[in-house]
Structure formats: C-alpha cells, structure tokens
Number of protein chains: 2
Amino acid sequence: MGKSIVLLSGGMDSLVTAAIAKEECEELYFLHVNYGQRTEVRELRSFRKIKDIFKPKDVLIADISYLTQIGGSSLTDENIEIKDFQNANEIPNTYVPFRNTHMIAIAVSWAEIIGADKIYIGAVEEDSSGYPDCREKYFKALQKAVNEGTKKETLIELVTPIIHLRKAEIIKLGATFGAPFDLSWSCYRNNDIACGKCDSCVLRVNAFKEAGLKDPIPYEVEQNW
Amino acid sequence: MGKSIVLLSGGMDSLVTAAIAKEECEELYFLHVNYGQRTEVRELRSFRKIKDIFKPKDVLIADISYLTQIGGSSLTDENIEIKDFQNANEIPNTYVPFRNTHMIAIAVSWAEIIGADKIYIGAVEEDSSGYPDCREKYFKALQKAVNEGTKKETLIELVTPIIHLRKAEIIKLGATFGAPFDLSWSCYRNNDIACGKCDSCVLRVNAFKEAGLKDPIPYEVEQNW
C-alpha cells in the first residue's frame, strides 16, 4: 500500500488509471504536467475537476513548457498543423519526443522526496498512435534507470495497468469504477468542443462505440452512438 | 561526427566536457538548465560566457524550476541549510533526486528534433558526492530507455567522457585544452565569491591543489595554492 503518484493529464486513459490506483492504493498523489500543448488550459481544467472528485492527499502541477522551445511536434508548435486521423503505420506529427520521460522524471523526484513507492502511468501500447515512449519495453528500461538513479533504499515501481488494453476495454473498465468521463478531455485541437477528427478524438470516439457506450463530452461533428 | 548536444551547467566538469566535445564533434549544441537552485543566476552567467567562447551552433536554456515545488534538497529549498563539506559516506543534502534524468530528457527531446546523435554529460562517479544519478550503471540503464523511448531510426548516444576521472585529472585535462576555468562556477552557496566550504567548493579546491594549479576564481577563504 503506501503512497502512490498518478500521472493525470485529464485524458480518459489517465482518468481510468487514477480510478484503478484509487482501488489499489492507500494514499494518492496526483501529478499534472503542462507542456505548452494547445489544449493545456482545457486539460488542466479536467485535471482539477477530476482531482476534486478523487481527493488525492496532494497535487503537483509542473510546467515543462520548454518543450515549446524545442518544438517539432504539432502539439507544441502552432506552425505545424494537426492532421485529421489517418490510419497510417507511421508515427503522427503529434509525437512529442521522449515526453513521458520528462513527466516520469518529475514523478520520480517527487516520489523520492515524499517516500512514494508507486507511480501510475496510463500509457497504452498497441491501441494508440504508436509513440515509442508508450511501449512496455520502454517502461522496463526506464524502470532500471529509476532503480540505478535513485538512492539504494529507494524503491519506486512504474505501474502501467492499462498498457495492453484496447481503448474500448479501458472505457468499459472505467465505467465499472464509475469514472467521470464527462470531466476528461482528449481532443488535441480544441479547448471547448472536441473536434472529433484528430487522432486522439477518433481513437476515443471509436472506442466508446466499440464499448457500446455514449461519450458524454460534446463533439463538433455529431456522432452516432 | 554530426550534431552533438552538451549539457553545460557552467561548472568545471561540464566545462571540460564541452572542451572534449569541441575536439571530438563537428557541430555543437549547448543545453543549460535552470532548476531553481540558489546559484541559478551565477551558473547561467558562466554558461553564457563559456558559450561565447565555444560558439555552439545553437543553445537551449530550459527552466525546470518545478524542482523547487518538490524541494527536499538544500539546493532547491532555502529552508534546508547547505552544510560545510563533511567527509562522510552518506549522500549530502545537496542531492536533488533524479536531476540528471530531467536534464537528459530535455537533451534527448531536442536531439531527436534536430537530429543530434550524441549527448555529452560531465558526470563524475567516484570522486564526487555520491549522487546515484552520476554512476555509470545509471547511464547504461538510461541509454536503454533512450533507445526504447525514441523512434526506431533515432540513435542517440549518451557520452560521459570524464565519468571515471578524478577531479584533479579533469582539471589537468581541461588545462591541456585551455579550458577557461575562470569563467566556470561550482559553489553551491554564493553567486559572487565562492564560499570555499561547501561540498562542491572543497572538491574543486582540493582538485586544483592536487593538480598543482591555481584556481582562478575568487574564494571567501584565502587558499594556499
């Protein structure tokens, strides 16, 4: 049991991961990271609303907007267009290189100071956009770096409970926990009404349909649930 | 050859590492990270002066002052006293958990965008304060996470050229390159005249003495060079 940190972007994967952590853990700590993405304000709002429901012991909101100085991703560089979903094999331009490592490094530093022994991360491997830092192989390698890069007596486990689930399974699982999907936000483009066309929206909409559930958030394009 | 990123704090280890990189690499990129440490302003000044001499192709100055929100280290929390050097076996309270991972994650993201294939890091393992994220075992583990967490075609090597050198050897090596030690800054406490008593100062002063050289920076306590 003990203290556990949850990485909570405010998207549906991290929401369900938080719900799982709430079942499994004694004391929750929520970490939210602003990285200068287009929907930063909207995601932060989702985080705050979800936090108000889960009532973690403490929260940390960290800013890594230096990622906009690096750019090179359509999420962090306004000059690069976010494309509509394409069922291609290549990694889309929404890829933000090594993003998860930045967030997990913050969680590890925080964990070592407060004495947390678990970090929950809502990464999804197969049923996603193919980002390399969402694969189990990456998390296993990073786990070793965490072990070697912290004090001898520090034991911090990276927990990825939904990494091999399909998106529809994640939604069904979340529904069994009563996860407040209406508070979550996935759209890469918009801050008010989800576009329904970007990678993140299409993966979400299709998953809700496959799960046989209606997504409670508003979409620009009317959906047939 | 190609593009290489150097992590340059402005301390003597990263200065010598930059000098080595300048010998070995074609095109240099310098990364400096402010993390809310007490001597942030002084280190940044050192970085800028060293940068003006080495003339890298580009620089990135990133802010990760969220580490002050986490605190728990005397470098990032003003309420924790920086102690004078003690020849103890335990890790001193200047330890900032997992700090190197934050910095290297920034370098990796930048490297993948600009197409750099080497990241130079001036970590020192034995002759240092015993920080776990300065050990070769840590860098080897992190290297695997970098390989797994970036695109298949991306190859980024973490290079730690001085990791097994003693501090005196680092100074001698830097001297052969004409490294401008007068521009570097190591003191954990002060921004103008080095205290001469903190871990970082004592390691530096002793190393200059062992190398038979005079440290060109000013100290509060007069030194017998």
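Start by selecting chain A and showing it as a cartoon: five strands form an open sheet in the order E3-E2-E1-E4-E5, with parallel pairing. The model is a predicted one, in which local features need pLDDT of at least 70 and side-chain atom pairs count only at pLDDT 80 or more, while totals for chains, interfaces and linings use all residues. Residues are numbered from 1 along each chain as its sequence is written, and chains are lettered from A and ligands numbered from 1 in the order in which they are written.

Some terms are needed here. Strands (E, at least two residues) and helices (H or I, at least four) are DSSP runs, numbered from the N terminus. Two strands pair if DSSP finds at least two bridges between them. Strands of a sheet pair through backbone hydrogen bonds, either parallel or antiparallel.

**The sheet of chain A**

Select residues 58-63 and then 157-159 of chain A. These are the edge strands E3 and E5, each pairing on one side only. From one strand to the next, the twist averages 25°; angles run from 0 to 180 degrees between N-to-C directions, and axes are lines fitted to C-alpha atoms, for helices over the stretch in contact.

Add residues 118-120 of chain A, which are strand E4. E4(A) and E5(A) pair in the parallel sense over three bridges. Show A:Lys118 and look across to E5(A): the residue opposite is A:Glu157.

**Helix H1 and its neighbour H6**

Now select residues 12-24 of chain A. This is helix H1, which packs on the sheet and touches strands E1 (3-7), E2 (27-34) and E4 of chain A. Contact means that the C-beta atoms of two residues, placed from the backbone, lie within 7 Å. The direction of H1(A) makes about 170° with that of E1(A).

Keep H1(A) and add residues 167-176 of chain A, helix H6. The two axes come within 9 Å and cross at roughly 45°. H1(A) and H6(A) are therefore oblique to each other; angles under 35 degrees count as roughly parallel, over 145 as roughly antiparallel, 65 to 115 as roughly perpendicular and the rest as oblique. The crossing is left-handed, a term used if the near helix is turned anticlockwise from the far one by less than a right angle, with clockwise giving right-handed.

Which residues of H1(A) meet H6(A)? They are A:Met12, A:Asp13, A:Leu15, A:Val16 and A:Ala19, and they face A:Ile170, A:Ile171, A:Leu173 and A:Gly174 in H6(A). By class, this contact has seven nonpolar, one polar and one charged residues. Ala, Val, Leu, Ile, Met, Phe, Trp, Tyr, Cys and Pro count as nonpolar, Asp, Glu, Lys and Arg as charged, and the others, Gly among them, as polar.

**Where the chains meet**

Show both chains. In chain A, 36 residues are in contact with 36 residues of chain B. E3, helix H3 (66-70), helix H4 (99-114) and helix H5 (136-149) of chain A each supply at least two residues of this side. H4(A) gives the most, with 10 residues. The side of chain A that touches chain B has 19 nonpolar, nine polar and eight charged residues.

A rotation of 180° with 0.0 Å of shift along its axis superposes chain A on chain B (RMSD 0.0 Å), by least squares on the C-alpha atoms of residues with pLDDT of at least 70 in both. That is the relation of a two-fold axis.

**Last stop: chain B**

Select residues 3-7 and 27-34 of chain B. These strands, E1 and E2, pair in the parallel sense over five bridges. B:Leu7 stands opposite B:Leu31 in E2(B).
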